[in-house]
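Please open the structure in your viewer and keep the selection panel at hand. The tour proceeds by selection, one stop at a time.

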2 protein chains.
Amino acid sequence: MDRALDLAREAALAGEVPVGAVIVSGGEIVAEAANETRRRPDPTAHAEMLAIRRAAHTLGQERLTGCELYVTLEPCAMCAGAIAHARLARLHYAASDPKGGAVDHGARIFAQLQCLHSPEVTAGTGEGEAASLLRAFFVERR
Amino acid sequence: MDRALDLAREAALAGEVPVGAVIVSGGEIVAEAANETRRRPDPTAHAEMLAIRRAAHTLGQERLTGCELYVTLEPCAMCAGAIAHARLARLHYAASDPKGGAVDHGARIFAQLQCLHSPEVTAGTGEGEAASLLRAFFVERR
């Protein structure tokens with residue numbers, strides 16, 4: 001999660017909403033990304049989406065079975081859907097997101113009967129730092 | 001929708017789940033895509049996602065305000081989330097998808113209180129042809 005927080009800090013410096021994501025397999029980082037929606041521009045370029053795309057490319061497979069995703073903010077519905085499609089084994093997120101998160105709030109994607117794969121979820125590691133980066137970013141933009 | 005159905009047919013020939021998507025702005029096609037999850041490989045490479053990324057790139061903006069998306073299958077949670085992020089004005093889908101769709105089934109993304117933008121939705125145009133392409137594809141794979 002420390003690396004994901006570094007990536008979130010880099011996103012903020014680039015004028016992006018500060019969210020970072022890292023995908024780990026067998027203790028090694030296989031992909032990492034920061035939010036890039038403004039730079040590209042691409043509304044789908046959340047850190048989780050970019051990390052999943054990169055991991056699939058690096059591993060040469062559509063399913064990231066056995067991989068774990070670390071992300072600094074609770075994933076939205078788009079990213080939670082992608083996590084299910086990718087068959088990620090575990091999701092670790094730092095800050096919770098009552099307004100946009102769809103893991104423990106809103107659509108609760110993994111709790112839907114329709115959901116074909118639900119990762120194990122742990123939340124809260126790095127929460128203080130992740131939330132403080134987001135708060136500072138949005139205060140500055142107001 | 002005819003063009004989206006053509007793209008779905010091309011996807012089937014390439015061994016992909018046959019789904020096609022087209023984004024239109026002011027009566028002109030600005031982006032189109034077929035499902036490419038297997039070819040890339042990339043679990044996020046649904047037709048809608050690729051079309052949204054291409055349209056944002058072509059128009060040079062993160063938000064596709066005023067654009068309409070035509071897709072041959074009811075979008076899943078990931079794609080519905082992306083449609084909301086992209087602020088697409090209208091969504092037209094052909095075949096409904098009780099198992100994986102998240103517009104009129106499952107997570108019903110646009111009906112969530114949390115959802116920041118809901119497109120107008122029309123369903124059913126081209127449904128017979130879209131559903132028949134999907135059925136033929138899955139029968140052949142069994």
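The stops below cover a sheet, the helices on it, and an interface. The model is predicted.

**The sheet of chain B.** Begin by selecting the strands of chain B, which form an open sheet of five strands in the order E2-E1-E3-E4-E5, with mixed pairing. Its edges are strand E2 (28–34) and strand E5 (120–123), each of which pairs on one side only. On average, neighbouring strands are turned by 15 degrees against each other, direction ignored.

**Strands E3 and E4.** Next select residues 68–73 and 90–95 of chain B: these strands, E3 and E4, pair in the parallel sense over five bridges. Here B:Glu68 stands opposite B:Arg90 in E4(B).

**Helices on the sheet.** Add residues 2–13 of chain B, helix H1, which packs on the sheet and touches E1 (20–25), E2 and E3 of chain B. The direction of H1 makes about 150 degrees with that of E1(B). Then add helix H2 (residues 47–59) of chain B, which also touches E1, E2 and E3 of chain B; the direction of H2 makes about 140 degrees with that of E2(B).

**The interface.** Now display both chains. The contact takes 33 residues from chain A and 33 residues from chain B. About 2400 Å² is buried between chain A and chain B, with carbon and sulfur atoms giving 64%. Select A:Pro43, A:Glu62 and A:Gln114, which lose the most area to chain B in chain A, together 28% of what that side buries.

How many salt bridges are there between chain A and chain B? The count is zero, whereas eight residue pairs are in polar contact across the interface. Finally, select helix H3 (77–86) of chain A; H3(A) provides six residues, the largest share of the side of chain A that touches chain B.

Note on methods: Residues are numbered from 1 along each chain as its sequence is written. Chains are lettered from A and ligands numbered from 1 in the order in which they are written. This is a predicted model: local features need pLDDT of at least 70, side-chain atom pairs count only at pLDDT 80 or more; totals for chains, interfaces and linings use all residues. Side-chain values use heavy atoms; hydrogens and water are left out. Two strands pair if DSSP finds at least two bridges between them. Helices (H or I, at least four residues) and strands (E, at least two) are DSSP runs, numbered from the N terminus. Axes are lines fitted to C-alpha atoms, for helices over the stretch in contact, and angles run from 0 to 180 degrees between N-to-C directions. Contact means heavy atoms within 4.5 Å. Buried area is the accessible area (1.4 Å probe) that two parts lose on being put together, summed over both. A salt bridge is a side-chain nitrogen of Lys or Arg within 4 Å of a carboxyl oxygen of Asp or Glu. A polar contact is a pair of N or O atoms within 3.5 Å; within protein, one must be able to donate a hydrogen and the other to accept it, and residues adjacent in sequence count only if both atoms are side-chain atoms.
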